[in-house]
Amino acid sequence: PARLLLDAGEGIIHSLGKRVFGIRQVFLTHGHEDHIAGLPSLVNLRNLSNGDREIPLTVHYPVGDPFIGSLREYLAKKQKHRLQYELNWVEVKPGDNISVDVTRRDTRVAVFPVKHTRGWQSVGYRIEEKRQALRSQYADVKPSEVKTLIRELGKDAVLETVQHPVLVYTGDTM
């Protein structure tokens, strides 16, 4: 439902089939071929299709990755004056949080560092949803008593907002 793609290896358009047109954001962990080789096909297929031209595609990638920088230059030259939709490139670094606007819940992608290749940053991504959880002091309260507590003390005193991890993706790591 978040319409995200985590890495874009070779063959991604064949694996996704028609779902490739639903992708809104791509999150690349690092610039090795097995993680980015399918991106030119994805960009090209979306461009040649009869799909909605109003829907942009945003590619998030680790700041300063030299291979992704080269791929970005290649796609800019290849698609110059031909690209029929907005293609955005966003450098990310550990600690960044990217909002995902197409889900029912308040969802974000949190960027964290991973160790993979010397010389430049590789990152992982944690997809998180904002949820309500019992405050730690009420952890032993029976579920049947929670509503009573909320009525007596108020929702804010009993519950807290947390970022709940839905999926964690690291790509390649040591």
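Which hand does the crossing of α3 and α4 have, right or left? I looked this up before anything else. The crossing is right-handed. I note here that the model is a predicted one.

**Entry: the helix pair**

I took the two helices by residue range: α3 covers residues 39-48 and α4 covers residues 66-78. Their axes come within 11 Å and cross at roughly 30°. Angles under 35 degrees count as roughly parallel, so I put α3 down as roughly parallel to α4.

I then listed the residues at the contact. From α3 I have Leu39, Pro40, Val43 and Asn44, and these meet Leu71, Tyr74, Leu75 and Lys78 of α4. Sorted by class, the contact has six nonpolar residues, one polar and one charged.

**Entry: the sheet**

Next I traced the strands. Four of them form an open sheet, in the order β5-β6-β7-β8, with antiparallel pairing. β5 and β8 (159-169) are at the edges with a single partner strand each, so one side of each has no neighbour in the sheet. On average, neighbouring strands of this sheet are turned by 35° against each other, direction ignored.

I went through the pairings one by one.

- β5 and β6 (residues 107-114) run antiparallel and are joined by four bridges. A hairpin of six residues connects β5 to β6. I noted two facing positions: Asn97 has Ala110 of β6 as its bridge partner, and Val100 stands opposite Thr107 in β6.
- β6 and β7 (residues 122-134) pair in the antiparallel sense over eight bridges. Here Val111 has Tyr125 of β7 as its bridge partner.
- β7 and β8 run antiparallel and are joined by 10 bridges. Arg131 has Val162 of β8 as its bridge partner.

**Entry: the faces of β5**

I asked which side chains of β5 (residues 97-100) are buried. Side chains in a regular strand alternate between the two faces of the sheet. In β5 I found that alternation: Ile98 and Val100 point to one face and are buried. Asn97 and Ser99 point to the other face and are not buried. Asn97 is thus on record twice in these notes, as a residue that is not buried and as the bridge partner of Ala110.

**Entry: His35**

I moved on to His35, which lies in helix α2 (residues 33-36). Is His35 buried or exposed? The cut-off for buried is under 20% relative accessible area. His35 has 5% relative accessibility, so I count it as buried.

What does His35 touch, leaving out residues up to four places away in sequence? I listed Asp7, Ala8, Gly9, Leu28, Thr29, His30, Tyr169, Gly171 and Asp172. For Ala8 I also took the C-alpha separation from His35, which is 5.2 Å, although the two residues are 27 apart along the chain.

**Entry: Gly9**

Gly9 was on the contact list of His35, and I looked it up in turn. Gly9 is in the loop between β1 (4-6) and α1 (12-16). Its relative accessibility is 16%, and Gly9 therefore counts as buried.

With residues up to four places away left out, Gly9 touches Asp34, His35, Ile36, Ala37 and Gly38. I also took a C-alpha separation to Pro56, which is 47 residues from Gly9 along the chain, and got 20 Å.

How values were computed:
Residues numbered from 1 in each chain as written. Predicted model: local features only at pLDDT ≥ 70, side-chain atom pairs only at ≥ 80, totals over all residues. Heavy atoms only, no water. Axes fitted to C-alpha atoms, helices over the stretch in contact; angles between N-to-C directions. Parallel < 35°, antiparallel > 145°, perpendicular 65-115°, else oblique. Left-handed = near helix turned anticlockwise from the far one by under 90°. Contact = heavy atoms within 4.5 Å. Nonpolar A, V, L, I, M, F, W, Y, C, P; charged D, E, K, R; others polar. Buried < 20%, exposed > 50% of the residue type's maximum accessible area, 1.4 Å probe, protein only. Pairing = 2+ DSSP bridges.
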